[in-house]
2 protein chains.
Amino acid sequence: MTPAPDRADRPPRPLTDYPRPSVAVDTALLTIVDGSLGVLVVRPANEPRGEWRLPGTFLHEGETLADAVRRSLAQKAGIHGIEPRQLHVFDDPARDDRGWVLSVAHAAATPAERIPAEPRTRVAAVDRLGELSPMKFDHDDIVRTAIARIRDDYAVRPDPWHLLRPGSGDADETEATTRTGAAGGADAAAEPAGSFTVLELRTLHEAVLGRPLVRDTFRRAMLPHLEPTGRVRRGTRGKPAELYLRA
Amino acid sequence: MTPAPDRADRPPRPLTDYPRPSVAVDTALLTIVDGSLGVLVVRPANEPRGEWRLPGTFLHEGETLADAVRRSLAQKAGIHGIEPRQLHVFDDPARDDRGWVLSVAHAAATPAERIPAEPRTRVAAVDRLGELSPMKFDHDDIVRTAIARIRDDYAVRPDPWHLLRPGSGDADETEATTRTGAAGGADAAAEPAGSFTVLELRTLHEAVLGRPLVRDTFRRAMLPHLEPTGRVRRGTRGKPAELYLRA
DNA sequence: GTAATAGTGTCTATTAGACACTATTCG
DNA sequence: CGAATAGTGTCTAATAGACACTATTAC
């Protein structure tokens with residue numbers, strides 16, 4: 001934007017002459033817990049019995065909204081490497097009793113292993129959101145909007161928000177993440193970093209969407225967006241599954 | 001939003017102790033000109049040779065973003081009755097050389113008859129956007145985002161942004177807006193306010209989408225979302241078309 | 001071998017588009 | 001009546017889901 005001060009041709013006054021709002025960011029950080037979507041909520045230190053809320057902070061000078069989101073998640077929950085997506089600006093002038101505060105709502109996602117246990121944070125299953133409601137401010141709305149957005153994205157593309165465990169980094173070694181086939185030489189059959197089976201992908205999508213998906217239809221819909229690695233998952237029951245990467 | 005000042009439990013300082021950005025709104029006002037999408041651009045009075053830009057203004061205290069959009073369109077282009085939709089916050093700290101300015105981009109739409117001719121405004125066809133580029137700030141991006149958004153919405157629903165001439169108001173009486181059938185009593189066959197034919201609706205959607213639509217498929221896709229009025233358009237060639245309202 | 005899981009062929013129901021046919025008006 | 005436009009029946013191609021069949025492993 002950047003309008004002339006008003007209609008008439010007055011000499012421009014510096015921007016600081018006009019009242020300005022505080023700008024905050026609030027983030028619905030989504031993850032998978034117990035096979036379904038969850039959202040990270042926090043309770044501030046000075047209100048140990050207060051309402052749950054989403055992690056947020058005020059935007060600092062010279063800072064990007066995405067950076068403010070990353071800073072708030074790092075500070076309040078020890079979470080790093082987040083790629084936030086803007087949802088909506090909540091602008092009711094009376095929404096915050098401390099003054100004029102706009103909130104830019106964001107959504108983000110990270111695997112549960114990346115969320116450290118902390119005393120004042122909690123991951124709540126989104127189908128049990130009522131147990132926390134009403135959340136502070138308009139945070140219930142933000143969570144609903146975030147869920148709608150991630151479900152929309154997962155309807156078409158494989159894991160667009162990167163909830164599968166990343167190949168690099170310090171992710172815990174769960175079940176069958178890295179294994180070497182019994183046959184063949186040492187790690188000639190090692191799994192490519194970040195690769196996954198179609199079953200893992202479908203299980204993730206079912207968790208995000210909150211409903212079962214048809215096995216063969218899902219595979220056929222996703223294959224065009226996947227790149228075969230030529231490797232297979234070893235050490236499981238049944239026919240070994242092929243490993244894929246996002247195309 | 002609405003974080004504790006920082007991690008430690010300091011007594012809260014008033015919000016005004018922290019630096020705050022200016023917040024602006026910029027609006028891509030879309031309309032139909034010559035059978036295709038157009039966008040309203042303005043040139044400020046003090047830069048008659050400068051770059052074209054979208055109408056915008058700074059957010060005033062106690063004001064809603066939507067109200068700021070309406071105020072800027074009324075002031076800069078004499079347009080009223082707009083229902084803006086939020087698109088995205090542009091937050092590059094260096095995007096405005098006058099200082100720290102966030103811009104909340106919006107999209108809106110109105111029939112061309114509602115846009116008065118003014119000296120410093122112009123409606124540019126979006127497929128000739130290159131002729132104005134580069135626009136000031138990130139306004140090219142905003143226009144592109146607005147077009148994507150309106151096209152998305154028009155793919156599924158009949159005229160969701162209300163670009164058809166409204167039934168009430170002072171819209172000019174173009175072609176066949178209100179007519180009385182030759183047969184029957186006086187205005188027993190008058191057209192219900194705001195009703196339209198499927199042809200009018202399809203022509204509008206083709207203009208928005210920028211591509212021709214299949215006649216019968218479009219009708220079958222839209223009929224479930226339309227409410228028949230029982231009246232027909234009179235005074236045209238061929239079989240009279242039924243008049244519908246949005247369901 | 002059996003159990004288990006991965007991957008695929010194929011049938012069916014649904015839907016978008018193509019196309020042609022019928023319906024109703026004006027002149 | 002013919003021209004023009006609205007509205008509809010129906011065929012076809014593409015697609016999602018259902019279902020069953022084959023493939024390949026562990027045990």
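**Tour: two protein chains and DNA strand C**

In this predicted model, the surface near DNA strand C is made of five nonpolar, four polar and twelve charged residues. Near means that a residue has a heavy atom within 4 Å of the strand. Ala, Val, Leu, Ile, Met, Phe, Trp, Tyr, Cys and Pro count as nonpolar, Asp, Glu, Lys and Arg as charged, and the others, Gly among them, as polar.

Numbering starts at 1 in each chain as its sequence is written, and chains are lettered from A in the order written. Local features need pLDDT of at least 70, side-chain atom pairs need 80 or more, totals for chains, interfaces and linings use all residues, and side-chain values use heavy atoms, without hydrogens or water.

**Select DNA strand C.** There are 21 residues around it; A:Arg219, A:Arg237, A:Glu242, B:Asp216 and B:Thr217 come nearest. Of the strand atoms within 4 Å of the protein, 58% belong to sugar and phosphate.

**Select the polar contacts** (N or O pairs within 3.5 Å).
- A:Arg215: a polar side-chain atom sits 2.9 Å from a base nitrogen of strand C.
- B:Arg220: a polar side-chain atom sits 3.1 Å from a base nitrogen of strand C.
- A:Glu242: a backbone N or O atom sits 2.8 Å from a phosphate oxygen of strand C.

**Select helix H4 (215-222) in chains A and B.** These two helices are the elements giving two or more residues to the surface near strand C. Helices are DSSP runs (H or I) of at least four residues, numbered from the N terminus.

**Select chains A and B.** A 180° rotation with 0.0 Å of shift along its axis superposes A on B, RMSD 0.0 Å. The fit is least squares on C-alpha atoms with pLDDT of at least 70 in both. This is the relation of a two-fold axis. In chain A, the C-alpha of A:Arg20 is nearest the axis, at 3.1 Å.

Notes: Polar contact = N/O pair within 3.5 Å; in protein donor to acceptor, adjacent residues only side chain to side chain.
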